[in-house]
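Colleague: Could you take me closely through the interior of this protein, with attention to what packs against what? I would like one connected account rather than a list.

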Amino acid sequence: MSTDPSLPQGQDKVAAVRSMFDAIAPRYDLLNRLLTFGMDCRWRRRSVRELRLPPGSLVFDLACGTGDLCRDLEAAEFNPVGFDLSAGMLQVAHKYRASAKLHAPLVLGDALCLPVPAESADGITCGFALRNVVDLDQLFAELARVVRPGGRVSLLEVSEPSNPIMRAGHWLYFGKVIPLIGGLLSNRSAYEYLPKSVAYLPPVPEVLELLAGHGFDAVNHTALSGGIAQLITATRRP
């Protein structure tokens with residue numbers, strides 16, 4: 001957990017995250033495509049492939065936002081259900097449903113306390129939200145409760161490159177350029193928070209150990225696009 005005093009903690013963080021995503025929802029997809037040069041689409045498709053589940057599997061997409069991952073899951077012939085804390089994000093997702101571009105049920109709910117029975121999902125995806133939950137340990141405990149034995153999780157998140165030159169360039173772009181563009185096209189305070197929120201993430205070995213400690217095997221970490229994003233996958237222990 002971050003010790004940066006400028007970042008909210010506890011229930012203040014819950015309120016700040018919900019308010020922020022409500023504010024940026026209308027242009028969230030546009031900014032994602034623009035700011036990642038479309039790489040976010042490839043990352044999401046990779047996340048879906050790494051589930052390695054049969055067609056028809058029931059997959060819960062946590063922090064589903066506007067439904068990007070849900071649409072990719074449907075394209076892969078899975079049966080997704082989207083959950084998100086932000087009513088604003090789900091409002092945009094419902095527009096995709098209205099135009100028949102998305103069919104998944106959408107639920108307003110907290111990923112730390114899902115309104116579903118134990119062992120009810122074949123898989124879980126989560127895109128760019130690990131750093132936004134209040135308690136990562138509680139999130140992984142909830143994944144362990146909800147995913148059936150042998151089921152899979154595929155967790156996509158931002159990262160920092162290990163190469164010093166790439167890391168310096170990434171810091172400049174992520175910390176300076178993104179807030180500038182985000183401020184011009186959406187909400188500057190939100191796009192200033194997003195780069196800072198990486199500080200909430202523990203070191204990768206700690207994240208993997210924490211996930212394994214909650215009953216997951218085959219825990220794997222993959223750096224994407226030179227390390228600017230990361231994918232964590234695991235299988236629920238029988």
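**Around helix α3 and the cores**

Modeller: In this predicted model, the buried residues of α3 are covered by elements that include α2 (28-35), α4 (68-75), β4, β5, β6 (216-224) and β7. Helix α3 itself spans residues 39-49, and its buried residues are Met39, Asp40, Trp43, Arg44, Ser47 and Val48. One of these, Trp43, also belongs to a nonpolar core of 28 residues, which has Tyr191, Tyr193 and Val198 among its other members.

That core lies apart from the largest one, which has 30 residues and in which Phe60, Leu62, Leu139, Phe140 and Leu143 make the most contacts. At least two residues of this largest core come from each of β1 (58-62), β2 (79-84), β4 (121-127), α6 (136-146), β5 (147-158), α9 (204-213) and β7 (229-236), and the largest share, 6 residues, is supplied by α6. Leu62 shows in detail how the packing is arranged: leaving aside residues up to four places away in sequence, Leu62 touches Phe83, Ala111, Leu114, Ile124, Thr125, Cys126, Gly127, Leu139 and Leu143.

Aromatic rings add a further set of contacts, with 5 aromatic pairs counted. One of them joins Phe21 and Tyr28 edge-to-face, with 6.1 Å from centre to centre and 75° between the planes, and both Phe21 and Tyr28 are buried. Charged side chains also meet rings: Arg71 lies over the face of Tyr96, at 3.8 Å from the ring centre, while the charged end of Arg236 sits over the ring of Phe216, 5.8 Å from the centre of that ring.

Set against the whole protein, which contains 9 helices and 7 strands, this interior belongs to a chain of 238 residues, of which 50% count as buried. Of the contacts between residues at least 6 apart in sequence, 69% join residues at least 24 apart. The radius of gyration is 17 Å, which agrees with the value near 18 Å that a compact globule of 238 residues would have, and the C-alpha atoms fill a box of roughly 45 × 40 × 35 Å along the principal axes. Towards the outside, the protein exposes about 10800 Å², with carbon and sulfur atoms supplying 58% of that area.

Key: Residues numbered from 1 in each chain as written. Predicted model: local features only at pLDDT ≥ 70, side-chain atom pairs only at ≥ 80, totals over all residues. Heavy atoms only, no water. Phe/Tyr/Trp six-rings, centres within 6.5 Å; stacked < 30°, edge-to-face > 60°. Buried < 20%, exposed > 50% of the residue type's maximum accessible area, 1.4 Å probe, protein only. Lys NZ or Arg CZ within 6 Å of the ring centre and 35° of its normal. Core = buried A, V, L, I, M, F, W, Y, C linked by side-chain atoms within 4.5 Å. Helix = DSSP H or I, 4+ residues; strand = E, 2+ residues; numbered from the N terminus. Contact = heavy atoms within 4.5 Å. Rg over C-alpha atoms; globule rule 2.2 N^0.38 Å. Areas by Shrake-Rupley, 256 points an atom, 1.4 Å probe, with all protein chains shown as cover.
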